[in-house]
Every structure is written in C-alpha cells, then in structure tokens.
Amino acid sequence: MAFFNKIPRPGTPGNPIDMKPAGGKKLAVKTGRGLLAVIVLAVVAVLGFNSFYTINEQENAVVVTFGSPAAVTSPGLHFKIPFVQQIHKVDMTIRSFPIGYDMDTREAITDESLMITSDYNFVNVDFFVEYRVTDPVKFLYSSREPELILKTLSQSYIRDTIGLYPVDDVITTGKNQIQSEIKDKIVSRMDTEDIGIQLVNITIQDAEPPTAEVLDAFKAVETAKQGKETAVNNANKYRSEQMPAAEAKADQILQSAEAAKASRINEANGQVARFNSMYAEYVQYPLITKQRMFYEAMEEILPEMTVIIQDGQGNTLNLLDLAKEQTAAAPETNQEG
C-alpha cells in the first residue's frame with residue numbers, strides 16, 4: 001500500500017504522464033496546416049490536370065457531358081469540366097483490315113477466302129479493305145462494333161458478287177469490274193446504316209484456284225491470252241508501218257490512172273474533132289475530100305510496099321522498091337535545096 005501511495009496521481013505535480021514538451025501544441029497546429037496545404041495542392045493539381053486535354057491533327061474528340069456526346073474537331077488544347085465531362089478520342093486516319101488472310105503471318109484464312117463462282121468452280125480470293133471514320137459520335141454510339149459490321153457486310157457482298165462471275169474472270173480479266181461492283185454495294189449499304197464510318201477502297205490482293213493443277217491451267221490460259229495480245233499488237237504495228245506506203249502507192253496508181261484517163265479522153269476528143277472536121281469538108285467537097293484521103297492513105301501505105309511492074313502479058317518489067325527510092329532521093333532533094 002505504501003508503494004502505491006508513492007505513485008503520483010494524474011493531475012498532480014511530478015506525474016510523468018502529464019509532462020509534455022514545450023511548444024507541442026504549436027507544432028501540432030503547424031503539422032495540420034502543412035498537411036492541409038499538401039491536400040489542397042494535390043486537389044488543385046488533379047483538377048488542373050483533368051481540366052484540359054489536347055487533340056492531334058489526325059484526331060477528333062467526343063465530349064460526353066451528363067450522357068450527352070458532342071464532337072470536337074479542332075486540334076489543339078481544350079478545356080473540360082473535371083469529373084463531369086468525359087473525353088473519348090477517335091483516330092480519323094484511314095484504317096484497314098484484310099479478308100481471306102492474316103496480315104501478320106500472311107497465312108490464308110480458308111473460311112473467308114474460299115468462294116464459289118457462277119460456273120460452279122471454287123476459288124480463293126483475298127481482299128484488302130480501307131475505311132475511315134466520318135462521324136466520331138456515331139462511330140462510338142450508333143453501334144457496338146462498327147468495324148465488325150463493315151467486315152461482315154464486305155464478306156457478304158464479296159461472296160454475292162464473286163458468285164455472279166465465272167472463275168476465269170475472277171482470276172484474270174474481271175478483277176477491276178468485280179472490285180468496282182463490290183465497292184458500290186458496300187458504300188450504298190454503309191450510307192443506309194449510317195454508323196459513322198465510310199469505305200475508302202477495297203481491292204483484290206490475290207485470286208487463285210484451290211489446287212495447284214488448276215492454278216497451272218489458268219496460268220497457261222493467261223499466258224496464251226498474253227501471247228494473243230502480243231500477236232495482235234505486232235499485227236497492228238505492222239499495219240501502221242505498211243499503211244502509209246500502201247496509201248502512197250494507191251495514190252500514185254490513182255494519179256496515173258487519172259492521167260491516162262485524161263490523156264485518152266483528150267486523144268479521143270481530138271480524133272472526134274478531126275473526124276468532124278473531115279466530115280464537114282466531105283459534106284462540102286466530097287470528091288476532093290475522097291482524093292485527099294486516098295493520097296494520105298497511099299503516103300502511109302506505099303513506103304512499106306514493094307511495087308512489081310508487069311506488062312500486059314505477065315512479064316516482069318521492073319522491081320520498084322519505093323522505100324529504097326525515097327532513101328536515095330532524099331540526099332538529092334537536100335542538095336537541090
């Protein structure tokens with residue numbers, strides 16, 4: 001009992017429990033104020049950090065305020081209400097996905113690529129689809145998976161269009177027309193769905209039969225077609241080279257024919273005019289005209305004839321060569337002249 005009586009009671013002088021450092025109350029106040037300042041600064045920093053956001057050149061943003069979305073398209077720094085407005089950024093650049101093969105491993109996906117043509121042949125066709133977002137609000141909220149919708153529609157229209165063409169067109173000559181038809185169908189359907197994305201382009205990456213033997217046969221057909229085109233091009237080239245010479249020769253023949261025609265016509269006209277003039281003279285002076293014509297005919301005939309003179313009893317008196325006589329007489333005539 002004596003021991004317990006020696007222990008000081010609380011509140012009495014000398015009790016170690018009641019002993020406190022000097023200035024302890026002031027230190028506690030300062031510590032509380034510093035902690036409050038740190039908390040305030042942290043809240044201000046968080047609010048400041050959540051009050052601004054940036055948009056890149058190739059992005060749009062969707063600002064959701066109490067469940068109501070609105071698009072922000074201008075790039076740069078923008079203000080938002082912290083913890084009230086939510087920001088969702090949307091990439092507006094052209095995106096893409098393959099159909100019929102894996103883009104990373106380049107391995108075929110048979111479920112997507114194997115199709116049947118109008119002539120009941122099987123063919124593997126790979127496509128590459130390019131699209132972009134046109135409306136970020138509709139892209140985020142009009143459908144759950146807009147890319148999957150586009151891919152599903154693309155596969156549907158691809159199979160529908162491939163089924164309208166024979167396998168030869170799909171593998172060789174009809175690729176451009178098939179691509180164009182598929183694109184038109186998808187664009188029209190996406191406009192109807194209005195989910196905020198637009199098809200940019202769809203191209204056939206590869207088209208081949210499912211077996212190597214059939215592939216070799218189609219390659220042979222394609223080689224033959226190319227040979228045909230080469231032969232046709234060579235023939236057209238030869239024709240282009242030969243046509244000018246042939247046309248020039250034809251023009252020369254036509255000109256010669258026209259000249260001969262004109263000459264003969266002129267000659268005929270001259271003969272007609274000569275005959276008409278002779279006939280006019282004959283009408284006026286028939287006897288004189290007959291004699292003149294006789295003498296002119298004799299001048300043409302006699303130089304080519306040999307004249308034999310006989311007496312009344314059939315004896316040859318003289319052999320007269322008129323051509324020789326004319327030749328011999330010609331120098332004498334010149335000397336007299």
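**Why these labels? Aromatic pairs, strands and helices**

User: Buried or exposed: what are F97 and Y131?

Analyst: In this predicted model, F97 is buried, and Y131 is too. That label means each residue has under 20% relative accessible area.

User: How many aromatic pairs does the structure hold?

Analyst: Three aromatic pairs. One of them joins F52 and F79, with 5.7 Å centre to centre and 70° between the planes.

User: What makes the pair of F52 and F79 edge-to-face?

Analyst: The centres have to lie within 6.5 Å, and 5.7 Å passes; planes over 60 degrees apart count as edge-to-face, so 70° earns the name.

User: Why does the F52 and F79 pair tie together separate parts of the sequence?

Analyst: F52 belongs to strand 1 (residues 52-55) and F79 to strand 4 (residues 76-79), so the pair bridges parts 27 residues apart in sequence.

User: Why does F52 count as partly exposed?

Analyst: Its relative accessibility is 46%, which falls between the 20% and 50% cut-offs, so F52 is partly exposed.

User: And why does F79 count as exposed?

Analyst: F79 has 55% relative accessibility, and exposed means over 50%, so the label fits.

User: Back to F97 and Y131: why is that pair called tilted?

Analyst: Its planes are 55° apart, with 5.8 Å centre to centre. Stacked needs under 30 degrees and edge-to-face over 60, so 55° leaves tilted. The pair also links distant parts of the chain, 34 residues apart: F97 sits in strand 6 (residues 95-99) and Y131 in strand 8 (residues 122-133).

User: Now the sheet. What is the order of the three strands?

Analyst: It's an open sheet ordered 3-2-5, with antiparallel pairing. Strand 3 (68-72) and strand 5 (85-91) each have a single partner strand, so they stand at the edges, with one side lacking a neighbour in the sheet. From one strand to the next, the twist averages 25°.

User: How do you know that strand 2 and strand 5 pair?

Analyst: Pairing takes at least two bridges, and strand 2 (residues 59-65) shares seven with strand 5, so they pair, in the antiparallel sense. For E59, the bridge partner in strand 5 is D91.

User: Why are helix 5 and helix 7 called oblique to each other?

Analyst: The axes of helix 5 (residues 146-162) and helix 7 (residues 175-193) cross at roughly 140° and come within 9 Å. Roughly perpendicular ends at 115 degrees and roughly antiparallel needs over 145, so roughly 140° makes the two helices oblique.

User: Which residues make the contact?

Analyst: Among them are L150, L153, Y157 and I158 of helix 5, and I178, I182, K185 and M190 of helix 7. The crossing itself is right-handed.

Conventions
Residues are numbered from 1 along each chain as its sequence is written. This is a predicted model: local features need pLDDT of at least 70, side-chain atom pairs count only at pLDDT 80 or more; totals for chains, interfaces and linings use all residues. Side-chain values use heavy atoms; hydrogens and water are left out. Helices (H or I, at least four residues) and strands (E, at least two) are DSSP runs, numbered from the N terminus. Axes are lines fitted to C-alpha atoms, for helices over the stretch in contact, and angles run from 0 to 180 degrees between N-to-C directions. Rings of Phe, Tyr and Trp (its six-membered ring) pair if their centres lie within 6.5 Å; planes under 30 degrees apart count as stacked, over 60 as edge-to-face and the rest as tilted. Buried means under 20% relative accessible area, exposed over 50%, partly exposed in between (1.4 Å probe, protein chains only). Angles under 35 degrees count as roughly parallel, over 145 as roughly antiparallel, 65 to 115 as roughly perpendicular and the rest as oblique. A crossing is left-handed if the near helix is turned anticlockwise from the far one by less than a right angle, and right-handed if clockwise. Contact means heavy atoms within 4.5 Å.
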